[in-house]
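Let's take a friendly walk through one protein model, from its overall fold down to a few side chains. Please keep the viewer open as you read.

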Amino acid sequence: MAEILTAEAFAPHVGKCLHPQGQHRVLTLVSMNIDDRPDVEFAGRKPFTLRLRGAPGDVLPEGIYHAVIDDGPAFDLYIIPIHTMSREHQDYQVVVN
């Protein structure tokens with residue numbers, strides 16, 4: 001059985017680099033948003049979203065990646081590139097329900 005992902009597991013890693021295995025791209029975990037509505041909880045956790053940032057123009061394709069955090073753990077994440085208005089970076093999101 002896979003480990004249940006929680007926001008608490010990612011909180012200490014905001015600002016750190018994340019390395020999707022098999023990729024030359026490096027992403028930075030820039031923020032985390034927790035759905036803190038009192039009536040929303042699934043599998044013993046609150047849903048949350050991670051915002052990642054990478055270099056512009058070299059977009060990581062959407063998919064499941066085994067991602068290692070600098071000086072931290074590794075997770076299997078479904079990473080999605082999202083529309084980014086800036087030409088200086090590319091944003092991504094990971095949604096955990």
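What follows goes from the strands to the core, then to the aromatic rings and some polar contacts.

**The barrel**

A word of caution before the details: this is a predicted model. Its strands make a closed barrel of 6 strands in the order 1-2-3-6-5-4, paired antiparallel. From one strand to the next, the twist averages 45°.

Strand 3 (48-54) is a good place to start looking. On one side, strand 2 (27-34) runs antiparallel to strand 3, and 6 bridges join the two. Within this pairing, Leu 29 stands opposite Leu 52, and Thr 28 has Arg 53 as its bridge partner. Strand 6 (90-96) is also antiparallel to strand 3, with 7 bridges between them. Here Gly 54 stands opposite Gln 90.

Which residues of strand 3 lie on its covered face, and which on its uncovered one? Phe 48, Leu 50, Leu 52 and Gly 54 are on the covered face, while Thr 49, Arg 51 and Arg 53 are on the uncovered one. In a regular strand, side chains alternate between the two faces of the sheet.

In strand 2 you will find Ser 31. With a relative accessible area of 31%, Ser 31 is partly exposed. Beyond its neighbours within four places in sequence, Ser 31 is in contact with Val 14, Thr 49, Leu 50 and Arg 51. From Ser 31 to Phe 10 the C-alpha to C-alpha distance is 9.6 Å, with their positions 21 residues apart in sequence.

**The nonpolar core**

The largest nonpolar core has 19 residues, and those that touch the most other members are Phe 10, Leu 18, Leu 52, Leu 77 and Ile 79. Two or more residues of this core come from each of helix 1 (7-10), strand 2, strand 3, strand 4 (63-69), strand 5 and strand 6. In soluble globular proteins, nonpolar side chains tend to be buried together.

Leu 77 shows how such a residue is surrounded. Setting aside neighbours within four places in sequence, Leu 77 is in contact with Leu 5, Phe 10, Leu 18, Gly 63, Ile 64, Tyr 65, Ala 67 and Val 94.

**The aromatic cluster**

How many aromatic pairs does the model have? The count comes to 2 aromatic pairs. Phe 10 and Phe 48 form a tilted pair, with 5.8 Å centre to centre and 45° between the planes. This pair links distant parts of the chain, since Phe 10 in helix 1 and Phe 48 in strand 3 are 38 residues apart. Phe 10 is buried, with a relative accessible area of 0%, and Phe 48 is buried as well, at 1%.

Phe 10 and Phe 75 form a tilted pair too, at 4.3 Å centre to centre and 35° between the planes. Here the link runs from helix 1 to Phe 75 in strand 5, a separation of 65 residues. Both Phe 10 and Phe 75 are buried. Through these ring pairs, Phe 10, Phe 48 and Phe 75 are joined into a cluster.

**Polar contacts in a loop**

Now turn to the loop between strand 5 (74-81) and strand 6, where Thr 84 is found. His 89 is in the loop between strand 5 and strand 6 as well. Is Thr 84 buried or exposed? Thr 84 counts as buried because its relative accessible area of 14% is under the 20% cut-off. His 89 is also buried, with a relative accessible area of 17%.

The table lists polar contacts made by the side chains of these two residues.

| Side chain | Partner | Distance |
|---|---|---|
| Thr 84 | Ile 82, backbone oxygen | 2.9 Å |
| Thr 84 | Gln 90, side chain | 3.3 Å |
| His 89 | Arg 53, side chain | 3.2 Å |
| His 89 | Asp 91, side chain | 3.5 Å |

Contacts in general fill in the picture. Not counting residues up to four places away in sequence, Thr 84 touches His 89, Gln 90 and Asp 91. With the neighbours within four places left aside, His 89 is in contact with Arg 53, Gly 54, Ala 55, Pro 56 and Thr 84.

Key:
Residues are numbered from 1 along each chain as its sequence is written. This is a predicted model: local features need pLDDT of at least 70, side-chain atom pairs count only at pLDDT 80 or more; totals for chains, interfaces and linings use all residues. Side-chain values use heavy atoms; hydrogens and water are left out. Helices (H or I, at least four residues) and strands (E, at least two) are DSSP runs, numbered from the N terminus. Buried means under 20% relative accessible area, exposed over 50%, partly exposed in between (1.4 Å probe, protein chains only). A polar contact is a pair of N or O atoms within 3.5 Å; within protein, one must be able to donate a hydrogen and the other to accept it, and residues adjacent in sequence count only if both atoms are side-chain atoms. Contact means heavy atoms within 4.5 Å. A nonpolar core is a set of buried Ala, Val, Leu, Ile, Met, Phe, Trp, Tyr and Cys residues joined through side-chain atoms within 4.5 Å. Two strands pair if DSSP finds at least two bridges between them. Axes are lines fitted to C-alpha atoms, for helices over the stretch in contact, and angles run from 0 to 180 degrees between N-to-C directions. Rings of Phe, Tyr and Trp (its six-membered ring) pair if their centres lie within 6.5 Å; planes under 30 degrees apart count as stacked, over 60 as edge-to-face and the rest as tilted.
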